[in-house]
Amino acid sequence: MDKYFKLHCQDSMINLEDPQYEPAIKRLSHSYRQLLNRYGKGNDFLGWLDLPEHFDLNLMLNIKDEADRLASFSEAVVVIGIGGSYLGARAVIEILTPYFPEAKSDHIKRPQILFAGNNLSEDYLFSLLKLLDQKEYAVIVVSKSGTTTEPAIAFRIIREHCEKKYGKEGSASRIVAITDPKSGALRQMAVKNGYTTFSIPQDVGGRYSVLTPAGLLPIAIAGFDIKKIVFGAQQMRTNLFENQTVDKNIAMRYALLRYLLYQSGKKVELMTAYEPKFFCFIEWFKQLFGESEGKEGKGIFPAGAIFSTDLHSLGQYIQEGERLMFETVLSLNQNQHYLPIPKDEEDLDKLNYLIKRSIQNINHVAEQGTRMAHVAGGVPNLQIELARIGEEEVGALIYFFEFSCALSGYLLDVNPFDQPGVEAYKKNMFKLLGK
């Protein structure tokens, strides 16, 4: 969708006009119909498909009002959740937040967004509590069930801290629960204690929940325009629903190229970006595709890297290691600032030849040179070219990847909306703990 971004393929192995790919294109068209007509595997978890189009405006206002209320008295807001319950919000916040927000006045007034419940580190929780001793804070706990071990432990500990600091009644006004609309331990706890609540629709799974209150409330607290995010997703949805052929539908094309590369033996997708603020977005991508595709002995393994940083660690393997991967580059065309290379009379570092170039230009040249080298070295290269990054673009990007991921699951003939393998470690852990 050219308004927000373009998809390029730098790989002479794949020409989609070649007749040999017709069976795969037919398979893709079938997967597309399964998704839009809602008769594929896991079709009871397709609520995310229509979220942008039918978003309740009253809900939008309630989210913004609650975000402003929490921000009015909080120096920090702790978001408790794991997997899709926190990754989407964290990804969007980190992409949109300046690298050093204290340098930008409009972000000084917003609370610091902290995260908990995504690990079992005792030292992490201890340090967090010490920080909360010194700050006015609020809590958002995100869980459909309320019994997932990592966030449940974190919430129990932070809730106790909050109640000791502000009292039972005072803490209740500082805690927001985002959970199942009808049932579950967290819903019961919220009703009993009088917490403000928001619902995750029952037909929306955690990793597809960025455009529900689970993602939008923390994003709004951080000071970003959630209406624009939903609008960007809505624009992408309209485009993907109206354009039903691979030459016009960017998500169909991306899903098809991934599938063809997988069939050719490329079992790893390395998602890369040349801006560090994409780190958490790549983490969200990894969860989205890893949990959706990786089952029944199938699926592309999602990996990530930030360049040029990781070119000095992983670059050697990518260039000359086993030929098992392809690369998808999130390429940002337009930076917000301009910073030239200054001239140095002594030129001991031999950089004066760059004085007419900006850092952004050098970064783009590094990207171009790296893509050329990787393709020449046998690493097929897809490029998602972003014109700029703002709320609308992020919303469009989220919906694009969700749609592409669902198509990719159907191409592999797996259910993209369940995660039965996640339970295996839990069973062992509970047994070892004596549950």
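**Exercise 1. Find the loop that holds D413, and describe the backbone and the exposure of this residue.**

Solution. Helices and strands are taken as DSSP runs (H or I over at least four residues for a helix, E over at least two for a strand) and are numbered from the N terminus. On this basis D413 belongs to the loop between α14 and α15 (422–433). The next step is the backbone angle: phi of D413 is near 60 degrees, a positive value in a residue other than glycine. Most residues other than glycine have a negative phi, and most peptide bonds are trans. For exposure, buried means under 20% relative accessible area, exposed means over 50%, and partly exposed lies in between (1.4 Å probe, protein chains only). D413 has 40% relative accessibility, so it counts as partly exposed.

These angles and areas come from a predicted model, in which local features need pLDDT of at least 70 and side-chain atom pairs count only at pLDDT 80 or more, while totals for chains, interfaces and linings use all residues. Residues are numbered from 1 along each chain as its sequence is written, and side-chain values use heavy atoms, with hydrogens and water left out.

**Exercise 2. Determine where D347 lies and whether it is buried or exposed.**

Solution. D347 is placed in the loop between β9 and α13, and its phi is positive, about 50 degrees, although it is not a glycine. Its relative accessible area is 17%, so D347 is buried.

**Exercise 3. Identify the residues joined by a cis peptide bond, and place S308 in the chain.**

Solution. The cis bond joins F307 and S308, with omega of about 10 degrees. S308 sits in the loop between β8 (301–306) and α12 (315–320).

**Exercise 4. Describe helix α1, its buried residues and what they pack against.**

Solution. Begin with the span, for which the expected value is 1.5 Å times one less than the number of residues. Helix α1 (residues 22–36) has 15 residues and reaches 21 Å from its first C-alpha to its last, close to the 21 Å expected. Next, its buried residues are A24, L28, S31, Y32, Q34, L35 and L36, and these pack against α9 (226–242), α10 (250–263) and α14 (391–411). Finally, R38, just after α1, takes a positive phi of about 60 degrees.

**Exercise 5. Explain why helix α3 is described as largely enclosed.**

Solution. Eight of the 10 residues of α3 (residues 87–96) are buried, so this helix is largely enclosed by the rest of the structure. The buried residues, among them L87, V92 and L96, pack against β3 (112–116), α8 (213–221), α9, α11 (279–293) and α14.

**Exercise 6. Name the residues with the most contacts inside the largest nonpolar core, and follow F403 outward.**

Solution. A nonpolar core is a set of buried Ala, Val, Leu, Ile, Met, Phe, Trp, Tyr and Cys residues joined through side-chain atoms within 4.5 Å. The largest has 104 residues, and those with the most contacts inside it are W48, F401 and F403. Its largest share, 13 residues, comes from α14. With contact meaning heavy atoms within 4.5 Å, and leaving aside neighbours within four places in sequence, F403 touches Y32, L35, L36, W48, L49, L240, F241 and A251. A second, separate core of 22 residues includes A76, L132, C162 and I175.
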